[in-house]
Amino acid sequence: MKTIALAAFALVLLLLPAAFAQTYSVDTMSVYQSSSTTIGSGSAVCLATGVSGASTSCINPLSPSTSYRFELTISNNDPVNGSHGDPDSFDFLGVYAASDVVGSDASISACGCFDDSVHKSGTGSFSGNNAECALPSLDPCQVEKNGGDEIFFFVLTTGSDADSEIGNFLISESGVSDNTSADISFDVCDVECDSQLDCDDSNSLTTDTCTDPGLCSASCSNTACSVACANDAACDDSNSLTTDTCTDPGLCAAACSNPPCSVACANDTTCDDSNSLTTDTCTDPGLCSASCSNTACSVACANDATCDDSNSLTTDTCANPGTCSAVCENTAVGCTPACSSDAGCDDSNSLTTDTCSNPGACDASCSSSLCTFACTVDADCDDSNSLTSDTCTNPSTCDAVCSYSSCTPACFINGDCDDFDTATIDTCNNPGECDANCSSVVCTPTCNNDSDCDDSDSGTQDTCIHPGKCGAHCEHSSCSPDCENDSDCADDDPKTLDKCDGAGSCTASCSNNACDIACTSDFDCDDSDIKTRDVCEGPDTCDASCTHEEKQDFSFELVSDLNAVGRGQAFDLNLLVKDLDGNPVDNVNLSLTGSGGETIDFNSLGNGYYLGTYVVPADSAVGLQTLSFFASSGALVGVEEFSFEISQGNITAVLVSPVEPVAILGEKLELRFKLVYDNNTLVQDGNATAVLNDVNIPLSMDGNGLFVGHYLFSESDLEGAILVVTASDSLGNEGTTSIIFDVRQPLPLELIAVVLALLAALFIASYGLWKTHRLSSLLSKLGGLKVSAKKTGLQRSVAKEKKQLAALEKKIAKQENEMKLVKKEIKLERKKQAISISQIPSESTHTVHKTALTAFLFPGKVARMLRGIRKSEEELKAEKRIQAIDTEVEELKEKIHNLESEFCKQNIKEDFFRKKLFEYREKVHLLELEKKKIE
């Protein structure tokens, strides 16, 4: 486990000059693990008393990414003679701690002091490498002249990357140079584990252990284990009389158990409960899982009589009577009865009574006799009683019969029909009769509530009598309102809201409720924003409100030029800061925030000028961007924004190999190039395609960010070869680069020898150079015309207007005509050169023959001569590069000298000085390495 030491939090108290014998002292330094601002709350980590002028260490380590509250008790007393120094108060203006101590992602949640039991809040922020807490300059903490203690606190969350650099808490008074210091040392460590659970590696096959839990020395171990069992089957001991169980199957804690069991039953007989009315069953007989069940049964019959099927043609018997296996048996006798019921004798005549004698018996017989029926309709059954219901059942048949049932009338009076709806009229029809019934007719009430009676006269009390009922009506009586407006309700108390509810009406009434007062002083309006001026308007009244006006105590003037800014470009920003009277202001805290949230700090150059280096993020959006400058000095602040334009970044392909765009016919040349932006920085994530005379060249990338391709030059390239490279990156930047190659005829070995011989003669050399220059000029001109023609062709492909198309067609025809003329000049020039070679003087011819013979007999000698010439050219280039390196090194050394001078004058901050010094020295080192490599 990595332990991060937060060493030497030096608490430096700046006191009065020694001449005044000021006796401030640091009595107590307390550290609590807490994000609360309540003094003395939280878990005490360090309680160091009497720490003034001595070094003290906290025994318990602090943790990264954890909130701590540092409490510092300051005393103003002299234990010797009781005298006290001046000034009367001690102003805590700021607290600083280097961010490389507390961590780059540290944060401040609160800071301030308790002055005479009054809580005063400071403003926490980060500026450069310092975490700051600024208290209001107009209302600082004070340690009074007559002695006493005051507590300063600072709530800080340590960062995840806190390290062992030295930092200071600085509690300062402006203009005081003497100080009393107290050094407190802390250890910050990552506690790897607090319990075994913190070491869980999500692997069920390892034993997870936390050693020294909760300490800095805590560590996790995960030891592989052997699993005793994966399921109950794995614990089988082949004994049917034991219960086999696997506890925690498949885990390190898995274990088998095989306790003996008691067998409940061996067969159904052993489950007999001596009850003839249950079925006794043994499940899994003879095993640990054996169990008895005794299920109640239904007894079919207890004797023969209970098996009677009411059929005289069967013999009814009960087998095993009164047991679970009892069953009825009904055996047929062997005859066919004439009828089994009266229905079997139906003669289809409703006026006869059909009878079956001895139904179902062997001697059964039918008989039919005429009948007299009792009624044909319900009226035949009228008993002259209005409270009975008279009914004729089976009318006009032998089975006809009258029945009489008493009834309960639905209603006797209208009140019996009340449906509890006041909007209906309820009526009882045929009251007291069996057919009595209720009816309800909806009515329209005159009013449903008092508002329906509104006569638009606020001086009357409008009332609805019997609201919502059929008999509803309105009444209007005069009244005297309690109040006409809110002023009638004034109680002369500024802390109450005086209101007349229902003003001027009969229901008007006054209310005087206590109000929520927004603020009692400017202090209540503090929004913790140093950039605003907080004011309480109408304090301690119901109308109180807070206003937050933006401060602007400085003006800014950007001296640097922000034109032609590109992505990834680094440039110096020179800013002039003035007060509102136009006077330059020094020693302000100045910072910048870019559009993407990036920030930089500035160094003071004196006379109001500040310098900082800004690097435009490579992923900045194209278009208008803003830089926000913020300056502060005590309670004074200023904010200003400057805009600049980021144009579409252009990408250029730079040919690396060959050094010059020259090729020989029939030569397969390796083409190597790199992609750079306008500011000459290398494109890291670029893509490129290459086309040479309409032939696509496959490209690959090597480890140095170079694009590599190969091309075989042919006859068609003699008139001009143009390599077109199109490039882009992931940010949308693009660029097209055209490179013109000079393609030449290959020279035979004899001609090489002639050229070597001619180089010895000034006339031949100068003549050849002039001719070559002429031909190269023509080839370059042809290449330029081809590029222009391609661009014009692209313009024609996207043009829409006829007039524009006609102009482009005319331009293309002119360009093609010019290319034809240049091609003719190239051919003519080549012929002239051939003729010139044939007209070389006889002395030169002799030299040619001699050199040619040497080339044939000693080809190695000729090759060495050619290598010597190439070597001379490379040495010349190397010398030029060395001269350029020496110049650049001298310029960097001059910059280092100037930087050191500015730092000695304290015009720049130390962190800026170290950053720039490292940058310049690194460049010098790289240039010297390059020089050694060339040499």
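**Helix α7**

I started with helix α7, which covers residues 910-934. Lysine 916 and glutamate 919 both sit in it, three residues apart, about one turn of the helix. This is a predicted model, so I kept that in mind for every entry below.

I looked at what those two side chains do, and they meet in a salt bridge, with N to O at 3.6 Å. Then I tried lysine 923 and found that its side chain also meets glutamate 919 in a salt bridge, at 3.6 Å from N to O. Lysine 923 and glutamate 919 are four residues apart in helix α7, which means about one helical turn separates them.

Next I asked myself: is lysine 916 buried or exposed? Lysine 916 is buried, because its relative accessible area of 9% falls under the 20% cut-off. For lysine 923 I noted a relative accessible area of 39%, so this residue counts as partly exposed. Their shared partner, glutamate 919, is partly exposed too, at 28% relative accessibility.

**Salt bridges elsewhere**

How many salt bridges does a search of the whole structure find? I got 11.

One group caught my eye: Glu670, Arg672 and Asp702 are linked in a network of salt bridges. I took arginine 672 as my way in, and it lies in strand β46. Its salt bridge with glutamate 670 has the closest N and O atoms 3.8 Å apart. On the aspartate 702 side, I found a polar contact of 2.6 Å between the side chains of arginine 672 and aspartate 702. Glutamate 670 is partly exposed, with a relative accessible area of 32%.

I also listed what arginine 672 touches, leaving out residues up to four places away in sequence. The neighbours include Val654, Leu655, Val656 and Ser657, and also Asp702, Leu706, Phe707 and Val708.

**The sheet around β46**

From arginine 672 I moved on to its strand. I wanted to know in what order the four strands of this open sheet run. The order is β44-β46-β50-β49, and the pairing is antiparallel. The edge strands are β44 (651-657) and β49 (700-701), each pairing on one side only.

β46 spans residues 668-677 and is joined to β44 by six bridges, the two strands running antiparallel. To fix the register, I looked up valine 654 and found lysine 674 in β46 as its bridge partner.

**Strand β51 and its partners**

I then turned to β51, residues 721-728. Six of its eight residues are buried, so this strand is largely enclosed by the rest of the structure.

Which strands pair with β51? Strand β47 (residues 687-692) is joined to β51 by six bridges and runs antiparallel. β52 (residues 734-744) also pairs with β51 in the antiparallel sense, over eight bridges.

Serine 728 was a handy marker here. In β51, serine 728 is the bridge partner of asparagine 687, and in β52 the partner of serine 728 is glutamate 734.

I also checked the hairpin of β51 and β52, which has five residues between the strands. There, glycine 732 takes a positive phi near 100°.

**Another four-stranded sheet**

My next stop was an open sheet of four strands in the order β36-β37-β41-β40, with antiparallel pairing. β36 (554-558) and β40 (603-606) are the edge strands, and each pairs on one side only. The twist averages 35° from one strand to the next.

Inside this sheet, I followed β37 (residues 570-579) to β41 (residues 609-615) and found seven bridges, with the strands running antiparallel. Who stands opposite asparagine 574 in β41? Leucine 611 does.

**How far to trust it**

Last, I looked at the confidence of the prediction. The chain averages a pLDDT of 76, and 76% of the residues score at least 70.

Where does pLDDT stay under 50? I noted residues 1-22, for which the model has 105 contacts beyond four places in sequence. I noted residues 79-99 as well, with 84 such contacts. Where pLDDT is low, the predicted coordinates should not be read in detail. I therefore left the individual contacts of those stretches alone.

Conventions. Residues numbered from 1 in each chain as written. Predicted model: local features only at pLDDT ≥ 70, side-chain atom pairs only at ≥ 80, totals over all residues. Heavy atoms only, no water. pLDDT = per-residue confidence, 0-100. Contact = heavy atoms within 4.5 Å. Pairing = 2+ DSSP bridges. Salt bridge = Lys/Arg side-chain N within 4 Å of Asp/Glu carboxyl O. Buried < 20%, exposed > 50% of the residue type's maximum accessible area, 1.4 Å probe, protein only. Polar contact = N/O pair within 3.5 Å; in protein donor to acceptor, adjacent residues only side chain to side chain. Axes fitted to C-alpha atoms, helices over the stretch in contact; angles between N-to-C directions.
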